[in-house]
Amino acid sequence: MLVREVCQTYAREVEKLGYKLLELISLSLGLPSNRLNGYFEDHTTMMRLNHYPPCPCPELALGVGRHKDAGALTIVAQDDVGGLQVRRKSDEVWVPVKPTPNALVINVGDTIQVWSNEAYESVEHRVVVNSERERFSIPVFFFPSHYVMVKPLEELVNEGNPPKYKPYNFGKFFVARNRSDYKKLEVQNIQISYFKII
């Protein structure tokens with residue numbers, strides 16, 4: 001089997017998992033299992049193959065800087081080297097995510113945070129490099145359709161729990177984030193907090 005075919009097969013299986021996770025999240029919020037599916041009719045999911053070479057001075061290098069994921073879910077396969085860290089909210093300490101054999105890491109993204117009106121929270125994370133071993137990971141970013149307007153789900157909003165975010169277009173938000181994150185253009189680095197209702 002060609003590498004492309006392997007990647008396509010893997011991506012299809014992870015997509016199935018993404019839909020199953022969306023169902024479980026919907027049920028946990030007291031909603032029908034298929035409540036979020038309509039937002040993914042023309043989803044823009046992507047897979048990335050990451051390679052982090054070893055660095056003799058890892059404190060001077062960074063695999064991926066601190067960030068939160070813009071999409072709904074990120075499903076990560078990683079090797080046994082480690083390097084993924086999450087920022088603990090209580091004391092802001094970076095905590096390593098220990099690799100578990102044959103397991104996937106699931107990150108909840110900003111989109112789920114907004115849809116759930118903060119019942120779920122996107123976690124800040126980063127990747128650090130290893131001084132002796134190279135590291136590989138395969139994140140699959142499960143994104144809704146570009147035209148989706150993201151806002152707290154109406155079933156979760158009431159007088160006691162008003163909406164915590166203004167609506168925004170996912171595609172425009174994602175493009176703005178990428179332009180500021182990766183190209184370092186003179187554009188505003190838009191984060192989900194910009195849509196927070198104070």
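How many of the eight residues of strand S9 (residues 135–142) are buried?

1. Six of the eight residues of S9 are buried, so that the strand is mostly covered, where buried means under 20% relative accessible area, exposed over 50% and partly exposed in between (1.4 Å probe, protein chains only). The model is predicted, so local features need pLDDT of at least 70 and side-chain atom pairs count only at pLDDT 80 or more, while totals for chains, interfaces and linings use all residues. Residues are numbered from 1 along each chain as its sequence is written, and side-chain values use heavy atoms, with hydrogens and water left out.

2. Strands here are DSSP runs (E, at least two residues), as helices are (H or I, at least four), numbered from the N terminus, and two strands pair if DSSP finds at least two bridges between them. S9 pairs in the antiparallel sense with strand S1 (residues 46–47) over two bridges, with strand S2 (residues 50–52) over three, and with strand S4 (residues 73–78) over six. Among the residues opposite each other are Met 46 and Phe 141, Tyr 52 and Arg 135, and Gln 78 and Ser 137.

3. An open sheet of four strands, antiparallel in its pairing, follows the order S3-S8-S5-S6. Because strand S3 (64–67) and strand S6 (94–96) stand at the edges with a single partner strand each, one side of each is left without a neighbour in the sheet.

4. Within strand S5 (residues 84–87), which pairs with S6 over three antiparallel bridges, Arg 87 has Trp 94 of S6 as its bridge partner. The side chains of Arg 87 and Glu 92 are joined by a polar contact of 3.0 Å (a pair of N or O atoms within 3.5 Å; within protein, one must be able to donate a hydrogen and the other to accept it, and residues adjacent in sequence count only if both atoms are side-chain atoms).

5. The whole structure holds eleven salt bridges, each defined as a side-chain nitrogen of Lys or Arg within 4 Å of a carboxyl oxygen of Asp or Glu. One of them joins Glu 154 and Arg 35 at 3.3 Å, N to O; Glu 154 lies in the loop between strand S10 (149–150) and strand S11 (168–169) and Arg 35 in the loop between helix H1 (3–28) and S1, so the pair ties together parts that are 119 residues apart in sequence. Glu 154 is exposed, at 51% relative accessible area, whereas Arg 35 counts as buried at 17%.
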